[in-house]
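Student: Please pick one part of this model and go through it closely. Then relate that part to the rest of the chain, with the values at hand.

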Amino acid sequence: MQSKFSLSFLTASLVLGLSANVFAAKVPEGTVLSDKQEITINNGAEPSSFDPHKIEGVPEAQVAYQLFEGLITKDSDGNLQPGAAESWESSPDYKTWTFKLRQDAKWSNGEPVTAHDFVFAWQRLVNPLTASPYSSYLTYLNVENAQEIIDGNKKSRRARCESD
């Protein structure tokens, strides 16, 4: 079964810095790796939050880049690459984007990542109760009804998820 979803506001996902930069290590053939694989990263400061919709600073962003993968990501040269989505396409007017999720996309607990997870994240971003410092980005990107939802004047509704 393939998951895909269309969102009239996902043009913004191609622009927002919500995608993690994740690269697989290139291990030379024949290299024997340690049984315990770990990395230590000097973050410079303690994050004020681990909630991706509440973070504002560089320390928080550095942690988010390590923890989360967006629908798309970038390679080391800044070129767009598949992330949780293996492919995507837009309508001719660029108002509707359809993302086909990777079948092997999983949360750290092993559960599959679904289209509903992304819909939930976008709806939570503009929810006035979340009070995200970056919810206004969706308004700047002309996402339909974003400001009305942020202002509490309208409920989020335009997302559509499909499984086939």
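Tutor: A residue is called buried when its relative accessible area is under 20%, exposed when it is over 50%, and partly exposed in between. The model is a predicted one, and the part chosen here is the hairpin of β4 and β5.

Start with Trp 97. Its relative accessible area is 9%, which is under the 20% limit, so Trp 97 is buried. Residue 97 belongs to strand β5, which covers residues 97–101. Burial in β5 goes beyond this one residue: four of the five residues of the strand are buried, so β5 is largely enclosed by the rest of the structure. In a regular strand the side chains alternate between the two faces of the sheet. With four of its five residues buried, β5 has burial that is not confined to alternate positions.

The partner of β5 is strand β4, residues 85–90. The two strands run antiparallel to each other and are joined by five bridges. One of the facing positions is Ala 85, which lies across from Leu 101 in β5.

Between the two strands of the hairpin there are six residues. Tyr 94 is found in this loop, and its phi is positive, near 65 degrees, although the residue is not glycine. Tyr 94 has a relative accessible area of 52%, which is over 50%, so it counts as exposed.

The loop and β5 are also linked through side chains. A pair of aromatic rings is described by the distance of the centres and the angle of the planes. The count of aromatic pairs comes to three. One of them joins Tyr 94 to Trp 97, with 6.3 Å from centre to centre and 35 degrees between the planes, a tilted arrangement. This pair therefore brings together an exposed residue, Tyr 94 at 52%, and a buried one, Trp 97 at 9%.

Tyr 134 and Tyr 137 make up another aromatic pair, this one edge-to-face, with 5.0 Å between the centres and 65 degrees between the planes. Both of its members are partly exposed, Tyr 134 with a relative accessible area of 31% and Tyr 137 with 35%. Together with Tyr 140, these two tyrosines form one aromatic cluster.

The positive phi of Tyr 94 can be set beside that of Asn 142, another residue other than glycine, whose phi is near 60 degrees. Asn 142 also sits in a loop, that between α3 (136–140) and α4 (146–150). Its relative accessibility is 67%, so Asn 142 is exposed.

Now for the setting of the hairpin in the chain. The protein has four helices and six strands, and their order from the N terminus is β-α-β-β-β-β-α-α-α-β. Of its 164 residues, 30% are buried. Helix α2 spans residues 115–126 and contains Phe 118. Phe 118 has a relative accessibility of 12%, so it counts as buried. Its C-alpha atom is separated by 10.0 Å from that of Ala 84, a residue 34 places away along the chain.

Helix α1 (residues 58–67) gives a second view of burial, since its buried residues are Pro 59, Glu 60, Val 63 and Ala 64. They span an arc of only 135 degrees about the axis, which places them on the same side of α1. An α-helix has 3.6 residues a turn, so residues three or four places apart point the same way. The exposed residues Val 58 and Gln 66 are carried by the face of α1 turned away from the buried side.

That buried side also takes part in a cavity lining. Two cavities of 30 Å³ or more are found in the whole structure, and the second largest has a volume of about 30 Å³. Its lining includes Glu 60, Val 63 and Ala 64, along with Ser 49, Phe 50, Ile 55, Leu 67 and Phe 68. By class, the lining is made of six nonpolar residues, one polar and one charged. Phe 68 is located in the loop between α1 and β2 (72–74), and at 30% relative accessibility it counts as partly exposed. The C-alpha atom of Phe 68 is 8.8 Å from that of Pro 52, and the two residues are 16 apart along the chain.

Terms used:
Residues numbered from 1 in each chain as written. Predicted model: local features only at pLDDT ≥ 70, side-chain atom pairs only at ≥ 80, totals over all residues. Heavy atoms only, no water. Buried < 20%, exposed > 50% of the residue type's maximum accessible area, 1.4 Å probe, protein only. Pairing = 2+ DSSP bridges. Arc of directions from axis to C-beta. 1 Å grid on protein atoms, 1.4 Å probe; cavity = no way out; pocket = protein on both sides within 12 Å on 5 of 7 lines; lining within 4 Å. Points joined across faces, edges and corners; volume = space filled by probe spheres on them. Nonpolar A, V, L, I, M, F, W, Y, C, P; charged D, E, K, R; others polar. Phe/Tyr/Trp six-rings, centres within 6.5 Å; stacked < 30°, edge-to-face > 60°.
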